[in-house]
Amino acid sequence: MDYREKRIHGDRSLPIAVYETAPDRYRYLMNLHWHPEHEIIYVQSGSLALRLNDQSVLLREGDVAFVAGGT
């Protein structure tokens, strides 16, 4: 199975994108995927259950997670 995310994040010179999500929004439940870009996840409010490489962590308001590309 190919789990590489097909979505383009920014452009080649600046592969950055900002997303806001909530329980009533599309992409709230993220499918298993990976991409070559690094990812920084910031929880502005509430909490986020994050699972990376078979490890789970609960992020809470104000927490930041760095996800290395390819994870």
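Colleague: Hello! What order do the elements of the protein run in, from the N terminus on?

Modeller: They run β-β-β-β, where strands are DSSP runs of E with at least two residues, numbered from the N terminus. The model is predicted: local features need pLDDT of at least 70, side-chain atom pairs count only at pLDDT 80 or more, and totals for chains, interfaces and linings use all residues. Residues are numbered from 1 along each chain as its sequence is written, and side-chain values use heavy atoms, without hydrogens and water.

Colleague: How many helices and strands are there?

Modeller: The protein has zero helices and four strands; a helix would be a DSSP run of H or I with at least four residues.

Colleague: Why is F66 called exposed?

Modeller: F66, found in strand β4, has a relative accessible area of 54%. Exposed means over 50% (buried is under 20%, partly exposed in between; 1.4 Å probe, protein chains only), so F66 counts as exposed.

Colleague: What makes I40, Y42, V64 and F66 a nonpolar patch?

Modeller: A patch takes residues with over 30% relative accessible area and no salt bridge (a side-chain nitrogen of Lys or Arg within 4 Å of a carboxyl oxygen of Asp or Glu), and nonpolar side chains (Val, Leu, Ile, Met, Phe, Trp, Tyr) are joined within 5 Å. I40, Y42, V64 and F66 form such a patch on the surface, with about 480 Å² of accessible area together, by the Shrake-Rupley method with a 1.4 Å probe.

Colleague: Which strands supply at least two residues each?

Modeller: β1 (39–42) and β4 (64–67) do.

Colleague: And what share of the 71 residues is buried?

Modeller: Buried residues make up 14%.

Terms used:
Patches are made of residues with over 30% relative accessible area and no salt bridge: like charges are joined within 9 Å, nonpolar side chains (Val, Leu, Ile, Met, Phe, Trp, Tyr) within 5 Å.
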